[in-house]
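Dear colleague,

I am passing on the structure we spoke of, and you will find it just below. My notes on what turned up in it follow after that.

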Amino acid sequence: MYRDLNERSRKILEAIIEDFIATGEPVGSRTITRRHQLGISPATVRNVMADLEEAGFLYSPHTSACRVPTEKGYRFYVDTMIQLKDLSFDLRKAIEDSCSMEGLGLEGRLKRAGQVLSATSRYAGLVSYPSFETTVFRHIEFIKLSSKKILAILVSKAGNAQNKIIEVQHPISKRELEKITNFLNSKLTGLPICEVKALIIKEMKEEKALYDSLLHQAFELSREVFEDQPEGTVFVEGASNILDLPEFADLECMKKLFRTFEQKNLLVDLLEKCRNAEGTHVFIGSEFESSGLEGCSLVTSSYISKSGISGTLGILGPSRMTYSVVIPIVAHTARQISRFLDVD
C-alpha cells in the first residue's frame, strides 16, 4: 500500500503533516505551494490531496478543501519519512545534568527523568519503576506478628522494598526465623530477583530439601514472598501540558485522558511491553487499544543499568507531536538514565 505512493505524493503528505504539527490548523493546497518549493500548482496539489484522502492518509475535518493527517498518515510519516533532529548541545547537557544528580536515589532519579522529559518536550513524561524481578536481591527479613502470621520484608539492591504478610500452618519460633533469614540472605544476596525465584523453585523440587525441616521452611517462606508480585508503578510528570492543548479542549476527551492518568494500569502495561525491546517505539492513537488515549501518541525507550535494573520511559502527547524532536529526546534520556542509575 505504501509502495503505491510516488515521490510527489510523499512530499505533499510530508509537507501537510509537518505543517499541521507546527500549526494545528488544517492544511490547504495554497498553503502547501506557498510554504514549500514543490514546483507544482495548487490545482495539482489538490488532486494529490484528494488521492491521499481516498487512500486513508488524510481526512477533511469539515467541508473545506483543507486536510489533516489520519493515524495512518502519521504512522507512514514516522516509519518512512521522518528526519530526526540533532539535539542541541544545551539540551543534551541539560538532560545529562538532570539525570546525573547524586543523592536522589532510584525513585528520585526516575522522577527527575520524567520531569526532564516533560520539560524538554512540553508534553507528559512517563517513567516506569523497574519491575521487581529485574532488580538484584539485597536481603530479606522475617518478623513474627503472631503464632501463625509473619511479616516478610524484601529489599532490592536498588533500595526498593516490598512487604508481605504470610500465614504459616505451623508456628515458627523467633530463633528459627533468624536462622531462616540468615540462610536465605547468605544464599540469595547479589542474585537478580528472577534468578532467586528460579532457584527457590529448583530447591523446592529437589528431594534433599525435605530432609532438613528448617531448610524446607526457609524455601517455603521465600516462595510465598515471591508469589503474586504487585504490578509496576509509573511516574507521570507534566500531565497538565497535554490537558492544555487544543486537541483536548473537549470536556469528555479531557475526562477520559485524566482517568487514564489516574488509573495508570494501561500506561504500566504499555511501558512494560517495551522494556525488553531495543531502540525507540512509537504508539499512535488506536494502537493503544484504549478509548482514553484517542488522539495521543507515545514514544518510548527502555533503560537498563549495569546491575540489571531496567524499565521504560517515554513521552505522551497528541498525535500532532513533534516526533522529529521527541524521539531523540526519549532516546538520549534513556541512555543517560542507564548510565547513572548505579551511581550513589
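Please keep in mind while reading that this is a predicted model. I begin with a contact between a charge and a ring: the charged end of Lys 72 sits over the ring of Phe 57, at 4.6 Å from the ring centre. As for contacts between aromatic rings, searching the whole structure gives four pairs.

Side chains of opposite charge can pair when their charged atoms come close. The count of salt bridges here comes to seven, and one of them joins Asp 79 to Arg 75, with 3.0 Å between the closest N and O atoms. These two residues, Asp 79 and Arg 75, are about one helical turn apart because they lie four residues from each other in helix 4.

Helix 4 (71-81) also takes part in the second largest pocket, where this helix and strand 2 (68-69) are the elements that give two or more residues to the lining. The volume of that pocket is about 340 Å³, and its lining consists of 16 residues, with Phe 20, Tyr 59, Pro 69, Tyr 74 and Glu 247 lying nearest the centre. Sorted by class, the lining holds nine nonpolar, four polar and three charged residues.

Further along the chain, strand 4 (residues 137-146) and strand 5 (residues 149-156) form a hairpin with two residues between them. The two strands pair in the antiparallel sense over eight bridges, and within this pairing Ile 143 of strand 4 stands opposite Leu 151 of strand 5.

With best regards

Definitions and conventions: Residues are numbered from 1 along each chain as its sequence is written. This is a predicted model: local features need pLDDT of at least 70, side-chain atom pairs count only at pLDDT 80 or more; totals for chains, interfaces and linings use all residues. Side-chain values use heavy atoms; hydrogens and water are left out. On a 1 Å grid over the protein atoms alone, a cavity is a set of points where a 1.4 Å probe fits but cannot get out, and a pocket is an open set with protein on both sides within 12 Å along at least five of seven lines; lining residues have an atom within 4 Å of a point. Grid points are joined across faces, edges and corners, and a volume is the space filled by probe spheres set on the points. Ala, Val, Leu, Ile, Met, Phe, Trp, Tyr, Cys and Pro count as nonpolar, Asp, Glu, Lys and Arg as charged, and the others, Gly among them, as polar. Rings of Phe, Tyr and Trp (its six-membered ring) pair if their centres lie within 6.5 Å; planes under 30 degrees apart count as stacked, over 60 as edge-to-face and the rest as tilted. A charge sits over a ring if NZ of Lys or CZ of Arg is within 6 Å of the ring centre and within 35 degrees of the ring normal. Two strands pair if DSSP finds at least two bridges between them. A salt bridge is a side-chain nitrogen of Lys or Arg within 4 Å of a carboxyl oxygen of Asp or Glu.
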